[in-house]
Structures are given as C-alpha cells and as structure tokens.
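Student: I'd like a close look at one charged contact and its surroundings. Please keep it brisk.

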Amino acid sequence: MTLLLQYTLLYASVLILVALGGCFSERSGVINLGLEGIMVMGALGGALTMKYMAGLPGIVIVLTTILISALFGLIYSLLLAVACINFKADQTIVGTALNLLGTALATVIVKAVNTAANPDDVSSNVQYIAAKKSLIVNIGGFEFNWFMLLAFVLLITAYVLLYKTRFGLRLMACGEHPQAADSVGINVYKMRYAGVMISGVLGGLGGIVYITAGVSEWKFENGVAGFGFLALAVMIFGQWKPLRIALAALLFGMFRALSNVYSGFDFLTALNIPSTVYNMMPYIISLLVLTFTSKNSKAPKAEGIPYDKGQR
Amino acid sequence: MKKEKRSFLQNNVVQSLLASLICIVLGLFIGFIVLLFINPSGAVDAILTIIKNFMVFPNGNIALKYLGNTLVKTAPLLMCALSVLFSYKVGLFNIGAAGQYVIGAGVAVYAALAWQLPWWLCALLAMAAGAALGAVSGLLKSYFNVNEVISGIMLNWISLYSMNMLLVKVKEDTSPYTKQIAIHGKAALLPSLGLDKLFYNNKYVTIAVPLAVLIAVLVWVVLEKTKFGYELKATGMNKNAAKYSGMAEKRNIIVTLMIGGALAALGATMFYLSGYEQWATSQSSVPGMGFNGIAAAFLGGLNPIGTIFASFFIQHITEGGAYVDKTMYSSQISDLISSLIIYLCGFVLFMKHVMSKHAAKKGGKE
C-alpha cells in the first residue's frame, strides 16, 4: 500500500508539473503539443547532470539537476515560441515536430556521449543510479522524493501566479481575447512568450521526475511514452485550473502507478490480468475521461490562433 | 477575357516546390552541423552517405537491389503520408496514423499466420480494422469534442499494446518475432508479378510499390475532381458553413478519419506481407512509419503527387542513415533530419508570404 501511495504521488507530481506547463501555455493562447519533446529534453539535461555529478553532496546534486532540467526545457520551448508567435506557424505541426525532434535529438546526443566514452557502447541508455539516492529520503518504508515537494510548491506558486498577480491575469486575458488585451496596452507577444517559456520550465522538470520515478537508467530511444499527452489529458480534465489539475493528476497517477505495483496486491494478481493491460490502463482511462468531460470544455477562447496585430 | 500575366514566383506550385526545397536544404544543413559537433572528422562522409543511400554500393546490381529495398519501405510510408494528407485536407491532424498502421500490421499478420488467408483478404481485414480505429477518433471528435491529436496518441499506445498481445499467439517459439510469412503463411505473400526481376531479383519488391503510387493518384482525383472530395474539403475549411449549406459535417469528419485509417492500415499490409520484416512482439515504442508520414505529407506540399516524391526522399535519407559510420554516429541522425524538416514545414506559410511579397514588389517596379 505504501508502495502504491509512493508511486501515485510520484507520477502525480510528473503530471502536475507538465499539465501546469500546458496550462500556462494554453492560457496565454498557444497550444503546446510539444510537451512530450520538452519532457525528453528536460530529462536528458537532468540525467546527464546526475550521471556526471555522482559523488557530490546530495543537496548540490538535487538543486543542479532541477536547474539544468528546467533550463533544457526552457531553451527547447523557445523553438515553439519563435515558430508559433513570431512566424505564426501551425501550432499542431510545430508541436508534433518538437516531439519527434526531442526523441531523435536526445538519442543522437546520448549515443554520441556513450560511444565517445566507449566505442563499443551504441546504446541510448543513461545511468544515474548513484545520484538517484540523493533524491530520496526514506521515512519508515515510504520513500519520500524531493520532487514531490517541488511539485507541491510549484502547484501553489502556479495558483497564486495565475489568479493573484497582475501578470497571471494579463496572461489569461491574452488567451481569451488578445485584441482586447492589446487595446489596453498589454504586449500579447511578450505574454505568449512568457506562457510558452513557463511551460518549457515545467515540462523539463516533469521530464526528469518521470524518468527517475521507477528506474535508475533510461533508454532515450523510447522518449517518454506518451506521458506528455497524458498530461494534456489531465489538463483538459482539470479544465485549465491548477487545483483541479492536481486532483486529476492524482487520479491518473494512481492508474499509472498500478502498472508498477499491481503484483503486490493479492486480489489483483488473483485476477490474472496480463501486465500489458495495466500498461494500457492510463491511456484507456484518459480516453474515457476525455469522452465525458470534453463536451463542456472551458478551453481558452483564443488558443491555437496566432495573434496578428494588424487584424482586428 | 481577363488574362493576367503572373510572375513566376506567384505560381502556387512553384512556391510549394521552392518552400519544400528550402526545408530539405536547411534540414540537411542543420543535420550536418549536429554531425560536426559530434565528430568533425567524419561529418562530410556521413552526410554524403545519408544523401547517397543505396548509391554507396559501387556495384550497379547491388545498388539496384538496395534501391528496391528503399522502394519496399517507401510504399507504406506513402500510404501513411496519404492518410495524414487526406485528413489534413479536412482540417484533421491524423497523428493516429501511427496507431492505424500498427493495428493494420497486427490484423494482417495475424490473419496470414493464424488463418492462412490470401493476401487480399488480409489486406481488406486490416483496412477494416484501421478504418474502425479511425472511426473511434472521428466519433470522439464530432460527438464528444475530443481533440483528434490527443485521442490519436492514446489510441496509438492502446493499439501497440493490444497488437503485441494478439501477435504473441503467432510468434516463433524461441524469439519475440512473429513467424515468417514466407514459410508459415505463403498465401498471404503479396504477388510480385515479375517486378522483383527489375531489381536484381529483390523478392520483396511486390505490387505494393505501383499500387501505392496508384492510390496516391486516386486520392488526388477524389480530393480535386469529385463532389465528395469537395464536400470534405469544405467541411475542413469551415465546419459551420458546411453545416449550414446542408452537408453532414459530423459524418464527414468520421468518414475522413475512417478513410485515413484504412489508408494507413493498407500501408502496413504492404510492408509486412512483403515478408521484409517480422513484427517484434516485445517492441515498446510505436513504429515511426506513421510519424514519418507526417513529414512526407507536409514536405510534399500537401499534394498527393508531391507526396510520392517526398515519401521517397524521407525513406531515402532514413535508409541512408543506416549506413553511417556507427563508431562515430548513430542512425537516428536521419530521424533528426526528418523531424527538423517537419519543424521547418511549419514555416512554409511564412516563406510563401515572403515570396508573394517579393514577386509583387518586383512586379510593381516594372
């Protein structure tokens, strides 16, 4: 049971971070389908940091990993921002391209790093088993992970930022009615850049949390297995509102956690369901949930439409 | 009669062609820079290898045989690209093509090995399965307002896991691969009608190659020359306008994704029933064919005929990537270039805008 709780909280942390990222981007008016790719890049930055920093004091490792992952995500998200905000590109195409590019680029980089270290090593794996220990504090069988705290703090921050500050309210105005926002002197382009960049930071963090959740090495050829899209489902289910997103993330996180720990439950093993079914579960649940919640979707009205100053 | 002389640059076909060429050149160039960063000494060789693909073999006959291999994989890619293109013309982004491809492969291979069905029946069953999967996305989109991209991705993973489960039943005892169709399901092998002779007896070259080209032409005819195609495109341009003018816009969305699904699934049939590759039931990522289809569709300027050439090009560099010096680089460098090309395709609208502006300026001066 503690194991289920632990994994649920971990996967929920991932989903909270990434879905909040999507939320900031869409609230500013840019659909970010590239979250998956952003997660991969964040994961890459974090994993390489952990690989090379093993042996340093725990606190240094944790903080640097967080910083580098966020930075990788941020830089990568700029590709989306430039294309969609300055060049008014189709947000679906660019987002999809970023997902494919993220996995390809990470694989190429990791393989290059591996073969440079050892010519016989052509795998796309990064190991971070040593550094992973500093992420975890064992409390009576429950492995507390610093990333859980990080997700919680950022959740509260996101809520305050979005609803209680001038910045957040302006950001949301740009996603609802950019022309009106512009007419009262808000720089729509700047706000949208801010939205996408915040999603880059949060997506990048989500990436490192995801790959360190269950395992201590990651094969980058596999990307992040659709988790970025699960986060988008969480965001839609959460109606683009941070607190609801958190609740939705807990639900989805639990289903994802089940595939890691189902063998620990006697009644689940007794059902004799193949493990593949548990792997499919999060995707099936999210399809069902979307089916019943998308009808009255409260999506930001101007999302997906490039803002053109000349058009009124 | 009003006859306006238009500048060369204002011609839409010329613009699309130029834009695609710019995407290719920039994509290759950035790929080259990445290679330089990894290892400057072999970068020139590597990028040339990628561009040459089968031409790296000095022996003409061997090169011909490998050209055949590239074509064998171009056929399914073209089908996936057509699936993406067809849906995009109706305003739908069919990223689910990857899953429809997976389910097509699963059903075709299972029907071939477990039921010993002939190839055309396997293909029909696969297409039906692909269409059904497309219909799910379509229904969710039109009646429940679920974004087809997100439902598509979810269905991709669900298809992959369920097909792995299905195909375990027809796998070899000692490996995770499905049994060889050439031995255990002979009736399902696609006929080659002598095409293999053209490629130095490459037995994998089958009717799939000309069939895919034929279907591309067919898709063009349907989209450009029929009332049905016109209605679909109208739905894509403005759903509400289509609805008010009496078109069944919900049905159009579902039908479109069903056709898209059938196309992608047929592509999978073309590949797996040629016997070129066996399905690995242990695979944990969705095959890239459907995603590369997105690259080919956009690189082809969203024109079925252009897509034929774009599919060949994408497959050409993907195959070429397999020949780079593995002690320095990895074959994924080709995936990197393809995805860069998709990214750059996002800028096509902007490029066309610049070209038109440039042409207008020139025209004004004369």
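Student: Which residue's side chain meets that of B:Lys73 in a salt bridge, and what is the N to O distance?

Tutor: The model is predicted. The partner of B:Lys73 is B:Glu319, and their side chains meet in a salt bridge at 2.9 Å, N to O. This pair links distant parts of the chain: B:Lys73 is in helix α3 of chain B, B:Glu319 is in helix α14 of chain B, and 246 residues separate them. Both B:Lys73 and B:Glu319 are buried. As a general point, side chains of opposite charge can pair when their charged atoms come close.

Stay with α3 of chain B for a moment. This helix covers residues 60-89 and also holds B:Val84. B:Val84 is buried because its relative accessible area is 1%, under the 20% cut-off. B:Val84 and B:Tyr161 lie 77 residues apart in sequence and 22 Å apart in space, C-alpha to C-alpha.

Now follow the other helix. α14 (304-321) of chain B is one of the elements that supply at least two residues each to the lining of the second largest pocket. Others from chain B include α6 (148-167) and α12 (249-272). Chain A takes part as well, through α4 (91-117). In fact α4(A) gives the most to this lining, with six residues. The second largest pocket holds about 1,600 Å³ of space. Its lining has 49 residues, and B:Ser285, B:Val286, B:Pro287, B:Gly288 and B:Asp335 lie nearest its centre. By class, that lining splits into 21 nonpolar, 21 polar and seven charged residues.

Back to the charged pairs. There are five salt bridges over all chains. One of them joins A:Glu176 and A:Lys301, with the closest N and O atoms 3.9 Å apart. This pair, too, links distant parts of the chain: A:Glu176 sits in helix α7 (residues 166-176) of chain A, A:Lys301 in the segment after α13 (275-293) of chain A, 125 residues apart. A:Glu176 counts as partly exposed because its relative accessible area is 32%. A:Lys301 is exposed, at 67%. Contrast the B:Lys73 and B:Glu319 pair, where both residues are buried.

Another salt bridge joins the side chains of B:Lys233 and B:Glu224, at 3.4 Å, N to O. Here the burial is mixed. B:Lys233 has a relative accessible area of 18%, so B:Lys233 is buried. B:Glu224 is at 37%, so B:Glu224 counts as partly exposed.

Last, the empty space in the interior. Rolling a probe the size of a water molecule over the atoms shows where empty space is left. The count comes to one cavity of 30 Å³ or more. The largest cavity holds about 40 Å³. Its lining is made by A:Val30, A:Cys84, A:Ile85, A:Gln91, A:Tyr189, A:Arg192, A:Pro306 and A:Tyr307. Two elements of chain A, α3 (58-86) and α9 (188-213), give two or more residues to that lining. By class, the lining of the largest cavity has six nonpolar, one polar and one charged residues.

Terms used:
Residues are numbered from 1 along each chain as its sequence is written. Chains are lettered from A and ligands numbered from 1 in the order in which they are written. This is a predicted model: local features need pLDDT of at least 70, side-chain atom pairs count only at pLDDT 80 or more; totals for chains, interfaces and linings use all residues. Side-chain values use heavy atoms; hydrogens and water are left out. On a 1 Å grid over the protein atoms alone, a cavity is a set of points where a 1.4 Å probe fits but cannot get out, and a pocket is an open set with protein on both sides within 12 Å along at least five of seven lines; lining residues have an atom within 4 Å of a point. Grid points are joined across faces, edges and corners, and a volume is the space filled by probe spheres set on the points. Helices (H or I, at least four residues) and strands (E, at least two) are DSSP runs, numbered from the N terminus. Ala, Val, Leu, Ile, Met, Phe, Trp, Tyr, Cys and Pro count as nonpolar, Asp, Glu, Lys and Arg as charged, and the others, Gly among them, as polar. Buried means under 20% relative accessible area, exposed over 50%, partly exposed in between (1.4 Å probe, protein chains only). A salt bridge is a side-chain nitrogen of Lys or Arg within 4 Å of a carboxyl oxygen of Asp or Glu.
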